[in-house]
Amino acid sequence: MSNPFARAKYALSAHNFRQLPPDAGAEVAFAGRSNAGKSSCLNALVQQNALARVSKTPGRTQQLVFFDVAPQKHLVDLPGYGYAKVPQDLQAHWQQFLDGYFSTRDALQGLVVIMDIRHPLKDYDRQMLGYAASRGLPAHAVLTKADKLSRGAAANTLQAVRMELQRLWADTVSVQTFSAESKQGVDELRKVVSFWLQI
Ligand SMILES: Nc1nc2c(ncn2[C@@H]2O[C@H](COP(=O)(O)OP(=O)(O)OP(=O)(O)O)[C@@H](O)[C@H]2O)c(=O)[nH]1
């Protein structure tokens, strides 16, 4: 499969509503707990080593980061959440910003939630998937670092998560396994995101 994301490039970072690009075109947001592997997943998706910064220090992505994929087509890297050392007033600011972004952003076509396959569906993952469901937005769960499990264990987790998502949100959330290390699942993720962006 050719890679429609190959020309993705950094566009801007927004700390608040004023800094957001115009609400036009289409965008897909990526969320994940700190250290889940979101930056590595984005880099594998676009096939660039350093588009989204990969860091061993969790929680440093503290704004909405927009990447241009094509004219008025964006990938949006949401703040890594669940990082205990962030001051509480900043947490509150992001929470408010994220709530507003999710409830009002017309360009938003879908949400990808990146989870470490060894720790899926934590509270914040459920919260993000719940946001999407509450406004009828499709969501896609990515169980990354699948290379850390045996094939059988990864398949079992996939099945368990699929059943739980089905129970909670019926058919609005899909799920796959993924590895930025082995590149397993990259094509599947590209298909979902390019369909949402219509590219
Ligand atoms: N084995 C393996 N390690 C991975 C994979 N994806 C990410 N990692 C490692 O997990 C750590 C965190 O990865 P990042 O991509 O920086 O995670 P992040 O979710 O973007 O982290 P924040 O910047 O805190 O949001 C790094 O040490 C990565 O090398 C994967 O698919 N397999």
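Let's start with the order of the elements: from the N terminus on, the chain runs β-β-α-β-β-α-β-α-β-α-β-α. That gives five helices and seven strands in total. The radius of gyration is 16 Å, close to the 16 Å that the globule rule gives for 199 residues, so the chain is as compact as a globular protein of that length. Keep in mind as you look around that this is a predicted model.

A few overall values help to set the scene. Taken along the principal axes, the box filled by the C-alpha atoms is roughly 45 × 40 × 35 Å. Of the 199 residues in the chain, 38% are buried. If you consider contacts between residues at least 6 apart in sequence, 75% of them join residues at least 24 apart.

Now zoom in on helix 3, which covers residues 123-134. This helix has 12 residues, and the distance from its first C-alpha to its last is 16 Å, close to the 16 Å expected at 1.5 Å a residue. Which of its residues are buried? They are Asp-125, Met-128, Leu-129, Tyr-131 and Ala-132. These residues cover an arc of only 150° around the axis, which means that they sit on the same side of helix 3. Turn to the other side of the helix and you will find Asp-123 and Ser-134, both exposed.

What covers the buried residues of helix 3? The cover includes four strands and two helices that you can pick out one by one: strand 2 (26-32), strand 5 (108-116), strand 6 (139-144) and strand 7 (173-177), along with helix 2 (88-104) and helix 4 (151-169). If you follow the backbone out of helix 3 instead, you come to Gly-136, whose phi is positive, near 70°.

Two of the covering strands, strand 6 and strand 7, are worth a visit of their own. They pair with each other in the parallel sense, over five bridges. At one place in this pairing, His-140 stands opposite Ser-174 of strand 7. To get from strand 6 to strand 7 the chain passes through helix 4, and this β-α-β crossover is right-handed.

Finally, look at how the side chains alternate along strand 7. Val-173, Val-175 and Thr-177 point to one face and are buried. Ser-174 and Gln-176 point to the other face and are not buried. Ser-174, the residue opposite His-140, thus belongs to the face of strand 7 that is not buried.

Notes
Residues numbered from 1 in each chain as written. Predicted model: local features only at pLDDT ≥ 70, side-chain atom pairs only at ≥ 80, totals over all residues. Rg over C-alpha atoms; globule rule 2.2 N^0.38 Å. Buried ≥ 20, exposed ≤ 12 C-beta atoms within 10 Å, placed from the backbone. Contact = placed C-beta atoms within 7 Å. Expected span 1.5 Å × (residues − 1). Arc of directions from axis to C-beta. Pairing = 2+ DSSP bridges. Right-handed = clockwise from strand over helix to strand, strands pointing away.
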